[in-house]
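Trainee: Could you take me through one part of this model in detail? I'd like a close look at a single chain, and then a word on how it sits with the rest.

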Amino acid sequence: MVDRDFTNKIRRTLIYIILAIGALSVPFFTQSPYILHILILTGIYLILAQSLNLMLGYVGFLSLAQTAFFGIGAYTSTILAVTYSQSFWVGLVLAIIIPSVIAAAVGIPFLRLSRHSFVISTLGFLLICWLIVRNWVEVTRGPLGIPGIPSPKLSVFNLLDLNFAGRVNYYILVIVFVLVLHILLTKLVRSRIGRAFIAIREDEALAQAVGINTMKYKMLAFSISAGIAGVAGSLFAHYITFLDPTVFEFYNLENILVITLVGGSGTIGGPMLGSIIFTILPELLRVAKEFRLIVYGAILLLTVLLMPEGIGGKFKTYLHKRRIREVYAK
Amino acid sequence: MSAETIFTQHLVNGLLLSGIYGLVAAGLTLIYGVLEIVNFAHGEFYMLGAYFTFIASAWLDLPYYISVALAVALSTFIALIVERGAIRPIVERSFESKVLSTFAISMILANTALLLFTATPRTVKTGLAGTIEIAGVFFSVERVLALLTGYLAFLALHLFLQKTRIGKAIRAVAQNRDACYVVGIDLNKMARITFGLGIGLAGLAGALIAPIFSIEPSMGQAIVLKAFAIVIVGGFGSVKGAALAALIIGLGESLVGGYVSATLKDGLAFLIIILVLILRPQGIFGRATRVL
Amino acid sequence: MANRKHKAISNAVAGAAMVILLIIGVGIGYVIPKETPAAQTTTVTNVVTQTITQTRTETTTVTVKQPVTPIKIGFSAPLTGAGAFYGQQALWGAQMAVDEINSKGGVLGRQLTLIAEDHRGVPAEAVSTVEKLINVDQVSVIIGTFFSSPTLAVMPIVEKAGVPLFSPVSSSPLIYSQTGAQGNKWVFKTNPSDTLMVRALAKFMFDVKGYKSVSLVAEDTDFGRGIVNTLEAEAAKYGVNVLSKDFVEQGAKDFTAVLTKIKSLKPDVIGLGITGTAQIELIMKQSKELGLKVPLSGRYDIFAPELKPYVDAGEAEGFNTVTPYSPLYQGGRNPDFVKAFKARTGQDPHWNAFLAYECVYVVAKAIQKAGSDDRAAIRNAAEGLEYDSITGIKLKFDQNNHMFPYCYIIEVKDKQFTIQVVETATLK
C-alpha cells in the first residue's frame, strides 16, 4: 500500500515536472508578444481561480468576494508602487497581507451566517469595495484609474539586474508564481488543514461534532484564498500598467466561476485546465463578447446540472475507480 | 419651495421606488421560501419584463397596458421553462449548485439581451402625459399610475396568499417543507406555481418601470442587489417583511439621494445588507438562521 | 513513523523544487535575449520601370507594377457595450474617409485598410486590442480609443512599442497634459480638450447670457468631474455663484432627488457633466414632471432625435451645449460632408464620426509627408503637421501634439438652434 502511494506520488511529481518544464520552455519556442500576452492572462486568471477553488472546492463555501480581494490586492500593490514608490516585491507582500487581513475581519461575521447569507454577503462585500474604490478619489483616483504602473524589477547586490517589463520576462514571472502556488496548494490540501477543509465541505455539523473548530478553519481558508487573489491582482496591475475600478466588474467573477467549475472544483489541476480552455478558446474564436458570455453561461449551467465536479473532478473519480478496481483485482 | 415640500417630494419619489422594489423582492423571497433557492437571475426577469413591454409597445405598436400584460405573461412563460429545465433537476442538491445554476441563467439572459438589443437605452411611451400638483408637490401621472398598479398587485398577492387554497399551500411549504409531504401537498406543483408567480411579479415591476426610466440590459443587475437587501432585512421567506423593508429602503434611498449624495444612495442598499447580516441575520420577520 | 519521514522528505523536495523554480526563472530571464521595441521598417517597392529598346529607333517605356500592399491603420473603439453608438459612428466616419482616400488612389499609391478592434470601453480590453493591432496585424499607426480611460491605458504601450497613436475624441485633460513635449511623443490629439470647450461654454453662459448662479450635476467619471471642476473654476472667474455640486453614478436614471434639491435652490442655469442622450432625456422628462424650468447647459448632443419632442414643444428654450462638432454648421465643406455621410449611413454625423473622419485625413497626410508606412517616420512627419479642416479652419499640431479646431456653442431659441463657432486656440 505504501509502495503504491509512493509510486503514485513519484508519478504525480514527474507529471508536474514535465508540465513545469513545458511551461517554462515556451519562450524558447515562441516570442510572439501576442501569444505570451494570452498566456500571461491565463496564468493570472488561473491564480485567481485557485483562490475561488480553495473556498468553493475544498471548504464548500461559495465566496463571490474573490474578485473583491483581487481588486484590493491590485490597488494595494499599485498605490504602493505609484504613490509611495515602493518596489513591486513590497507591493506584492502587502497585496497578500492586506486582503488576508480584510478577509479575516469580514470573515468573522460572514462565516457565522448560513450558507445562503454568506453568499449574498460576499456579493454585497464585492459591491461595497467597488463603490469605495470608485468614490475614494483621493487615494484611488476613482474612475480615472491609475496609469503608469511600473514593471517589477529585481536587483540583488548589484549582481542581478532584471526588469520584468518585457513580455517574455513577465510570462516567466507569472509561470513561476503559478507553479509555486501549485506546490503550496497541493501541500495544503493534503495536510491536516486540508483534510479539515474537506471535512467541513462534506458535513459541517459532523466535523464540528468530531471536534474540528470549523470557524477557525473557515477563517483560515478565507484569508488564504484572499491572499492568493491578492497575488493575482498585483500581477494583473503591474502587467496592464493601468488600473481602474473595472477590475471589480462581474466579468472577472463570471470568468473564474466558469474556469473553476468546468475545470473541476476540488482539484488543483482542474482550474489549470479550465483557465487554459477559457482564456485561449475565446481568442481563437473572435466572437462578440456578449455571445461568448452566453456560451459561458450555457456551459456553466450544463456543468452544474450534469457534471458538477467538473472535468478535473471526473478525472479524479476515474482514477479513484481504477485504483479500487486494481485493489480488488489483487 | 419650503423644506416640508421638498421633504414630501422626496417621500413621494421614494414611495414609487418602494413599490417597484417591493414587487421584485416579494417574488424573490417567495421563491426562496418555497424552493430554497436564492434566485440570482431574478433581476434578469425584471429586465425581460421591461424589454417585452418595449417590444410590444414600440415594435408591435400595442397600447401600453396590453404590452404590460403581454410582458408579464411572456416572463412567466419563460420562467416555467427555466424552472423545468434548470431548477427542477437540482432542487434537492447543494445550495451552491442552485446558486450557480441561477447565476448561469442570469449570465445567459443578460448577455442575450445585450446581444439582441445592444446597450443603447430604450424608452417606452405610455401616451399618458401630464403632472398633478398638490400643494407644491409634483406627481407625474405616469409615476402615480405605476405606483398604484404596483401596490394593487401587492394587495392581490397578499389576498392570494391569505385567502386561496393554493396560496395557503404555498405558505405552508415555506413554513415547513417536510410537514407538507406528510399532508400530501404536491411540492413540485407548488414549486412551479411559486416560481412562475415570483417571476411574474418581477416581470410586472419591470414592465411598470419601463416608461419611467430608460431600459438597458444591465438594469437587472442593478435592481437585484436592492432586492437582496430588502429580502435580507425583511427576512428570507417573509412577504410581509419584504413589503416593510421595501418601504424602508425605497424611502431611505430617496432621502439619502436628496439630502446627502446621489452617488452614495446606491451604497445604502449594500451597506444595509452587510449591517443586517452582522447584527440581525434573520431580518425582521425571518426564521431563525441556521448557522450551518 | 515512516509517514513522518516521508512527509519530511516530501516537504524538503517541495521546498527544493520551489527554489529551483525561482533560479530557473531568473536564469531564463537572462538567457532569452531582451526584446527591443519594435521599429518595423518595411521596404516598399511599388513600381518597377523597364525601358525596352526595340530594333527601331523608338524607345518604349513599360511600367510594371509590383503587387502593392495596403497601408494598415489600426482602429480601437467601443464597438459594443455602453459606448457602442459612439464607436459605431466613429467607425462609419473613419471608414468613409478611408474609402474616399482610396477612391482617389490611396496614399503613396497604396490603398488604406482600416483594421477595427472592439475594446468595450474597458481599459484592460483596450490594451489587448492595441497589443493585437501592433503585434499581430502589424499596423503602422493607430486611431483610438474614443474613451478617455482606455486611451490613458494604451498611451504608455504605444510609446514603448513605437507606434503613433492619433486620438480624435477622448477629451480628458489628463491625456493632454502628457502628450508631445510634455512626455509622450507618440500620441497626437486632433480634438479640443474638455477644458477648452467648457471655457467656451462658460464664457457664453456667464459673460454673454449673464447667468449669475449655477447648479452643477455630473456623472462620477473623469469626464463628468473634469467638466464640473472647470465650470466651477470659470464661475469663480466671472463672479458667478455655484449653488450646488452633485455627482450621480455613471448611467444613473433617477435624477428626481437631485432635481428636487436644485428646484429649491433656484439657480439661473444647470451645468451638466453628463453626456448620455438617454440620461439627458430622463433629466428633461423628470424636470418637466417636477415643474422645474431651469435651462440645461453642458456637453451633450442636443440634436439627438430623443430630445426633439422637447425642443419642438418649446420645453428646451435657452438650453445650450458646447460640442466639438455640429452637423448644422454651414461653413466650409461641412454641408457636403453631412450630405455624403447621411447618404451612406442614413444618419446625421455625430461628433465621433466627424472627428474620426478628419483624423483619418490627418493620418493620411502624415503618411504622405513621411513617404513611407514606417511607424517612426509617420510620427516624425506628424510633428508640427498642418491640416486644413473641412470646416474651413487651418490646423497645426503644436509642440504638445495638440490641434485646435473649432468648438460649437449651440442654443435653443424659439424652437430653433443657433450656432456660434469658437476658436479654441483663443481659450488656452
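Mentor: Let's take chain B, then step out to its contact with chain A and on to chain C.

Keep in mind that this is a predicted model, so confidence comes up along the way. Chain B is mostly a story of helices: its secondary structure comes to 11 helices and 2 strands. Reading from the N terminus, you go α-α-α-α-β-β-α-α-α-α-α-α-α. The C-alpha trace of the chain spans about 60 × 45 × 35 Å along its principal axes. Is that what you'd want for the chain length? For 292 residues, a compact globule would have a radius of gyration near 19 Å, and chain B agrees because its own value is 19 Å. As for burial, 56% of the 292 residues in chain B count as buried. If you take the contacts in chain B with a separation of 6 or more, 76% of them come from residues 24 or more positions apart.

Now the strands. S1(B), residues 131-134, and S2(B), residues 137-140, run antiparallel and are joined by 4 bridges. Ile134(B) has Val137(B) as its bridge partner in S2(B). The two strands form a hairpin with 2 residues between them, and Ala135(B), which sits in the turn, has a positive phi of about 50 degrees.

How far can you lean on this chain? The average pLDDT of chain B is 84, and 96% of its residues score at least 70. Among its elements, helix H2(B), residues 42-59, has the highest mean pLDDT at 92, while helix H11(B), residues 265-279, has the lowest at 77. The stretch to watch is residues 288-292 of chain B, where the pLDDT is below 50; beyond near neighbours in sequence, that stretch has 11 contacts in the model.

On to the partner. The contact between chains B and A takes 36 residues from each of them. On the side of chain B that touches chain A, helix H4(B) (95-117), helix H9(B) (219-234) and H11(B) each supply at least two residues. H4(B) gives the most, with 15 residues. So that helix is the one to click on if you want to see this side of the contact. H11(B) is worth a second glance too, as it has the lowest mean pLDDT among the elements of chain B. By class, this side has 27 nonpolar, 7 polar and 2 charged residues. Chain A also meets chain C: here 32 residues of chain C are in contact with 35 residues of chain A. On the chain C side, the elements giving two or more residues are helix H1(C) (2-31), H3(C) and H4(C). H1(C) gives the most, with 11 residues. The classes on that side of chain C come to 19 nonpolar, 6 polar and 7 charged residues.

While you're at chain A, have a look at Arg141(A), in the loop between helix H6(A) (137-140) and strand S1(A) (146-147). Its phi is near 60 degrees, a positive value in a residue other than glycine. Arg141(A) counts as buried because it has 20 C-beta neighbours inside 10 Å. Chain C has a residue to set beside it: Lys415(C) is not a glycine either, yet has a positive phi of about 65 degrees. Lys415(C) is found in the loop between strands S15(C) (406-413) and S16(C) (416-423). With 13 other C-beta atoms within 10 Å, Lys415(C) is partly exposed.

Last stop, the sheet in chain C. This is an open sheet of 5 strands with parallel pairing, in the order S4-S3-S5-S6-S7. Its edge strands, S4(C) (112-118) and S7(C) (187-189), each pair on one side only. Neighbouring strands are turned by 25 degrees against each other on average, direction ignored. Within the sheet, 2 bridges join S5(C) (141-144) to S6(C) (165-167), and Ile143(C) stands opposite Phe166(C). Helix H12(C) (351-370) packs on the sheet, touching S3, S4, S5 and S6 of chain C, and its direction makes about 165 degrees with that of S5(C). Helix H3(C) (123-136) lies across S3, S4 and S5 of chain C, running at about 175 degrees to S3(C). Finally, the peptide bond from Gly144(C) to Thr145(C) is cis, with omega near -5 degrees, and Thr145(C) is found in the loop between S5(C) and helix H4(C) (148-161).

Note on methods. Residues numbered from 1 in each chain as written. Chains lettered and ligands numbered in written order. Predicted model: local features only at pLDDT ≥ 70, side-chain atom pairs only at ≥ 80, totals over all residues. Pairing = 2+ DSSP bridges. Axes fitted to C-alpha atoms, helices over the stretch in contact; angles between N-to-C directions. Contact = placed C-beta atoms within 7 Å. pLDDT = per-residue confidence, 0-100. Buried ≥ 20, exposed ≤ 12 C-beta atoms within 10 Å, placed from the backbone. Nonpolar A, V, L, I, M, F, W, Y, C, P; charged D, E, K, R; others polar. Rg over C-alpha atoms; globule rule 2.2 N^0.38 Å.
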